[in-house]
Structure formats: structure tokens, C-alpha cells
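User: Please take a close look at one part of this model, the paired strands in the interior of the first chain. I would also like to know how far the surrounding prediction can be relied on.

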2 protein chains.
Amino acid sequence: MELIQRMLLGEKRACARLITTVENDPEEAEKIIREVQKYTGNAHVIGITGPPGAGKSTLVDKMVKVLADKGNKVGIIAVDPTSPYSGGSILGDRIRMQDLAVNPNVFIRSMGTRGYLGGLSKYTKNALKILDAAGYDYIIIETVGVGQSEVDIVKTADTVVMVMVPGLGDDIQSIKAGIMEIGDIFVINKSDLFGADRTATEINMMLDLSMNMDRRPPVMKVTASKGEGIDSLISEIKSHINFLKTSGNFEKRRSDNMKLEVMDLIESELKKIVISRTANENKLETEVGKILNKEKNMYEVRDEFLKLIG
Amino acid sequence: MELIQRMLLGEKRACARLITTVENDPEEAEKIIREVQKYTGNAHVIGITGPPGAGKSTLVDKMVKVLADKGNKVGIIAVDPTSPYSGGSILGDRIRMQDLAVNPNVFIRSMGTRGYLGGLSKYTKNALKILDAAGYDYIIIETVGVGQSEVDIVKTADTVVMVMVPGLGDDIQSIKAGIMEIGDIFVINKSDLFGADRTATEINMMLDLSMNMDRRPPVMKVTASKGEGIDSLISEIKSHINFLKTSGNFEKRRSDNMKLEVMDLIESELKKIVISRTANENKLETEVGKILNKEKNMYEVRDEFLKLIG
């Protein structure tokens, strides 16, 4: 495909078009990734997550500028859990995109969860592969850590940066609690606000509770809006990837992620088979009616379908 | 099973033990649900969701008191997305449980997402079936609408109540934006706070944007802590179930949910097959290694496994 050749040469527009294709057309996506995958594996993938309002976008912008100024090519995938009801974030990202997009070394893409349902992480991982193949040195995935799907995405990163802020109530902190386990580096953004030290202490205490750590994640104070702490953060990120590589965890992590990805592919093929068998025969409708009428239980129906599928 | 007999007679302790079993032992769960399912389908299931800090627990407590005082049996399943890091909510629920549990017509159960990963909604649906079979008239599922799993749970309700509060910033409101579509009734709790009218207007505007509604969800102002608006909310909930039943949507909704549940069962059996085939032969490890070494792409590996599974 000519588009793939152009993308491999690093042409931004070809990248953008390929990403649009993998987002919208699963069959084309498979064709593209089949060709492209052998060029992947070189980018350092950084996941940035944290609650809404933590200032992730500002942080990412500053990081990208530092990295790009040093001659690195940087890709950004901003995952935006927006529903049809709230267009705000999308608009914000468009404006942001125009700002960053002028830099020839930067590629930014915003992906809404709208309409993707559970499939989001699959699309995002494909977009990631395209940027990787296109020679981006760093790829940053930025997402609000609210849903399983976003957690899955950020887990695919080599380095996961958890962003927090001082003074968010306990209620809100609890949102991200479920994904604290996956943080490789903890950042307290807006550290010029009151309470930053206390938040740092709390995070350190949480980390102390955690067992079996072959590496203790650093907790860093940053004020992204003023550009404070960005350089240190970037050197921590680099030092994390060095740790992974020297400890042998790098291969393990990528292998574990790839296993999950392959299992997902297998499962989604099997799912297609289930859907086609059940849909074609309209048997599901009838059988579910029998469950609701108390003639059968759902396990009996499941077993019948499993026999049918063979 | 003797325990099932006692549960069917409405014994709370038997209920609690069966729910613990379906939570912890998938094989026993299947046996129990196979026996119990024919007694289900009578409860009115109410889902309560909204962002952290919206006062859902207080609202539920007040609703339960009103319903129970009128002689209804009420079950509550509180889904708590808590990680090992934050024990706060669990403790809160324990205290709450002691308070409500003295009422013989009320059963309350807190289910943490800890350790359940994606399986939460399955366990919750099983707990629901047990309460339904035990003769609870109303079953309230209360959850923070943050993850796909919690969205799945609340979707299984006959009536979904979305709880919001005035004055939560846009950032935080966006969390729940993804699940606004599933609200049958919108409640603005803490309506004595400044900004309640504005929030009501905003929600109404969002609802105006939505197409294809055969029923426009009401937007209600409630102050749960003072008990204001609870009676009206309950009559709206009853009027919603009447709407479902007279419009034929009731059967459709239950049938659609049951279809998803059966599909999930089929898929999780298929998943087990995939895992056992791939794990036994240790082939996955080797094949993933070939992907990472760029000898193969992931679709080639998927196709080999699909052949293997047959």
C-alpha cells in the first residue's frame, strides 16, 4: 500500500489517514497492522493517567515540548471518554491540536470513547502501532483513569505516570485508587498549591503498604503550568526504561501485553462466531424468552449454544 | 439444597450465605443459579448511579426507609470500586450496614470491585437473582458510574436513576457523561445548594439534544439529607415501571439484558477453552516471542490458535 510506504517514511498525513482507517474499518485495520507490525517495537510508550482536573494535558504539552526540542519525534494519543452529550473536551483538544501540530516532530491525535464501547483499547493499540512504525521515538497515551478500557490502554505503556493533585477530596481520589497499582512514577502536579506535601506523604504511605516491589516508584512534585519539574520527570521516565531493560522486565512486560492482545484477538473472533450463529438462527431470542418464562435457566441455554457452536 | 429452601422462605442469613457462595465459587454459583432462576423475575430492580460525592448512599437510605415502612422488602447491593489502597468506603458501608440491617425488611450487601476485575457484573447479577428469588420487592443497585463494569451492572436495572449535584465542576461531570444515555430518571441531589436550578437546566438541555426518546426522563430536585423529594422520586420510579409495562418495553428490556447475559456466559466458556488450549501447550509464550521478534504478526498467531481450537 502506497500510504503505508509514505507513513514509514514519516509523513504525518499518511499517519493520520492510516489511524483514521484503523479506527473506522476493522477489516482494513487488520490488513494494515499485518503489514506494519514488523516495523514496531522501537518507541518508548508512556502512559499518563489520573483524575479529571489533574492537569494531564498541560503536563503532556510541556513534556512534549522538552522532548521535541531535543530532536525527538513525539506522538500523542489523547483518549477522551466523552459522550455525545458533552462536546467540551473534544473542542479543547482541537484547539490544543492546532497548537502542537505546527511542530513537525509532533503528532497528536484525540480519540473519543464515543461509539467505541469496549473496543477502544483495540483501536488505540492499533494507532500506537502506526506511530511506532512511523518512527516516533516517544508515544504518549493520555487518558482519564475511569474505565476498564482506559486502564487497559494505559497498561500497554512501558512507563505509566500517575498524575495527582493536592487538595482533591477523598471521594475523587478513590476513582483512581483502582489503578494506583500500575503507576511506575507518581506525579503531584500543581505542586504550588496548598497540600502538596501532604499528598506526597499520603502517596508514599500507600506505596509503603504495597508488597513485592522490585522497584519503588518515585513520587515527584511538578508544576506543569510553570514548567517546574518537567526535566526531572523526563529523566525519571528515561531511568525507568533503563531499569526495565537492565532488569529483564522490559521483555516480560511487552510479552505479557502482547499475550493479552493476542488473547483478545482470539476472543473477538470467537465472539463473532457466537454472534453469527446466534443471530442467524434467531434462536437466541426464542431461548431467552424461555428463560424469562422460567422454562429454562440460562446455563441450559448456554450449553445448547455451545453444542451448536461445536 | 437446604440453604436454598431457607432462602426461598426469605431467611436473611440464608440469602447472605448464598450470595457469599456465588461471589466466591463459580462452580457452586452455577449450581445455585440453575435451581434458583425459576423463582426470579418479580423484583423491581432500581439502579442508582452518579459521581462520587453525589450523596447516593444517603439517597438510597432514605428511599429504602420509605419503601420498607410501607411493608416492602428491599434489597440493596452497593458496588464499591475500592482498591486495596483505600479502605475508607468499605468501613463506611459496614457502619451503614449495621444501621439498616436491623430492619427485618431490608437486606444490604456491599460488593467491592477488589479482585473481581471484569467479572464484577457477573457476580452482582447472581446476587441480584438470589435476592429476587428470596422475594425482595425492590432491589437497589448502587454504584459509582466510573467503569464499564459498573455501567453494565446498572444497565441491568429496570429503572436507572442518575444522581447529580449542583456545583460539581465540568471536569467531574464529564465522568458520568458516558452513562447519561442510560438514565430513566435524573435526580439533582443536594438541591438546597447554590446552582441546583442551573444544573437542572443543563440536564434538560442535554436531554433535549437526545433523539428517539419515546419517554422523556424527568429531572427531579431532591435533598436526601433532609428527606425532601424522596416520595416524589419513588412515585416517579413506580410510574416508570408502569410506563415500561404498558408500552411493552418491559419485556424488551429484560429480554435484551438476558440476551447479553447469555452471550457473556457463552463467551466466558469459550474464553476458558482458549485459556486452557493456550496455557497447556505453552504455545502462546513461544508465539508471542515470534511477534516481538518480528517473525510473525499477531493476526497470524491468532489464526493459528483458532485452527488449533477448531
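Analyst: What follows starts with the strands and then moves to the surroundings and the confidence scores.

The model is predicted. Chain A contains 13 helices and 7 strands. Of the 310 residues in chain A, 46% are buried. Among the contacts in chain A between residues at least 6 apart in sequence, 74% link residues at least 24 apart.

The part in question begins with strand β1 of chain A, residues 44-50. Of the 7 residues in β1(A), 7 are buried, and the strand is mostly covered. In a regular strand, side chains alternate between the two faces of the sheet. For β1(A), one side holds H44(A), I46(A), I48(A) and G50(A), while the other holds V45(A), G47(A) and T49(A). The residues on both sides are all buried, and both faces of β1(A) are thus covered.

Strand β1(A) pairs with strand β5 of chain A, residues 159-164, in the parallel sense. The pairing consists of 4 bridges. Two of the residue pairs can be named. G47(A) of β1(A) is opposite V160(A) in β5(A), and I48(A) has V161(A) of β5(A) as its bridge partner.

Strand β5(A) is largely enclosed by the rest of the structure, because 6 of its 6 residues are buried. Its two faces can be listed in the way used for β1(A). T159(A), V161(A) and V163(A) are on one side of β5(A), and V160(A), M162(A) and M164(A) are on the other. These residues are all buried, and both faces of β5(A) are covered.

Strand β5(A) has a further partner in strand β6 of chain A, residues 185-188. The strands β5(A) and β6(A) run parallel and are joined by 4 bridges. V161(A) has I185(A) as its bridge partner in β6(A). V161(A) therefore takes part in bridges to both neighbouring strands, with I48(A) in β1(A) and with I185(A) in β6(A), where a bridge is the link by which strands are paired.

Another buried position in chain A lies in a loop. K73(A) is located between α4 (56-69) and β2 (74-80) of chain A. K73(A) counts as buried because it has 21 C-beta neighbours inside 10 Å, the cut-off being 20 or more. Leaving aside residues up to four places away in sequence, K73(A) touches N105(A), G135(A), Y136(A) and D137(A). The C-alpha atoms of K73(A) and N103(A) are 9.7 Å apart, with the two positions 30 residues apart in sequence numbering.

A loop position of the opposite kind is K294(A), between α12 (283-292) and α13 (298-309) of chain A. K294(A) counts as exposed, because 12 C-beta neighbours lie inside 10 Å. Its phi is near 65 degrees, which is positive although the residue is not a glycine. In chain B, K294(B) is found in the loop between α12 (283-292) and α13 (298-309). K294(B) has a positive phi of about 70 degrees, and with 12 C-beta neighbours inside 10 Å it counts as exposed.

As for helix packing, chain B offers one case. Helix α4(B), residues 56-69, packs against helix α10(B), residues 230-247, at an angle of about 75 degrees and with the axes 10 Å apart. The two helices α4(B) and α10(B) are therefore roughly perpendicular to each other. The contact involves K62(B), M63(B), V66(B) and L67(B) from α4(B), and I230(B), D231(B), L233(B) and I234(B) from α10(B). By class, the residues of this contact are 6 nonpolar, no polar and 2 charged.

On confidence, chain A has an average pLDDT of 82, and 81% of its residues score at least 70. Within chain A, the lowest confidence is in helix α8(A), residues 170-177, with a mean of 46, and the highest is in helix α10(A), residues 230-247, at 96. Residues 83-91 of chain A stay under 50 in pLDDT, and the model has 20 contacts for them beyond four places in sequence. The pLDDT is also below 50 over residues 170-176 of chain A, a stretch with 16 contacts in the model beyond near neighbours in sequence. Where pLDDT is low, the predicted coordinates should not be read in detail. For the complex, the predictor reports an ipTM of 0.77 and a pTM of 0.71.

Terms used
Residues are numbered from 1 along each chain as its sequence is written. Chains are lettered from A and ligands numbered from 1 in the order in which they are written. This is a predicted model: local features need pLDDT of at least 70, side-chain atom pairs count only at pLDDT 80 or more; totals for chains, interfaces and linings use all residues. Two strands pair if DSSP finds at least two bridges between them. Two residues are in contact if their C-beta atoms, placed from the backbone, lie within 7 Å. Axes are lines fitted to C-alpha atoms, for helices over the stretch in contact, and angles run from 0 to 180 degrees between N-to-C directions. Angles under 35 degrees count as roughly parallel, over 145 as roughly antiparallel, 65 to 115 as roughly perpendicular and the rest as oblique. Ala, Val, Leu, Ile, Met, Phe, Trp, Tyr, Cys and Pro count as nonpolar, Asp, Glu, Lys and Arg as charged, and the others, Gly among them, as polar. pLDDT is the predictor's confidence in each residue, from 0 to 100.
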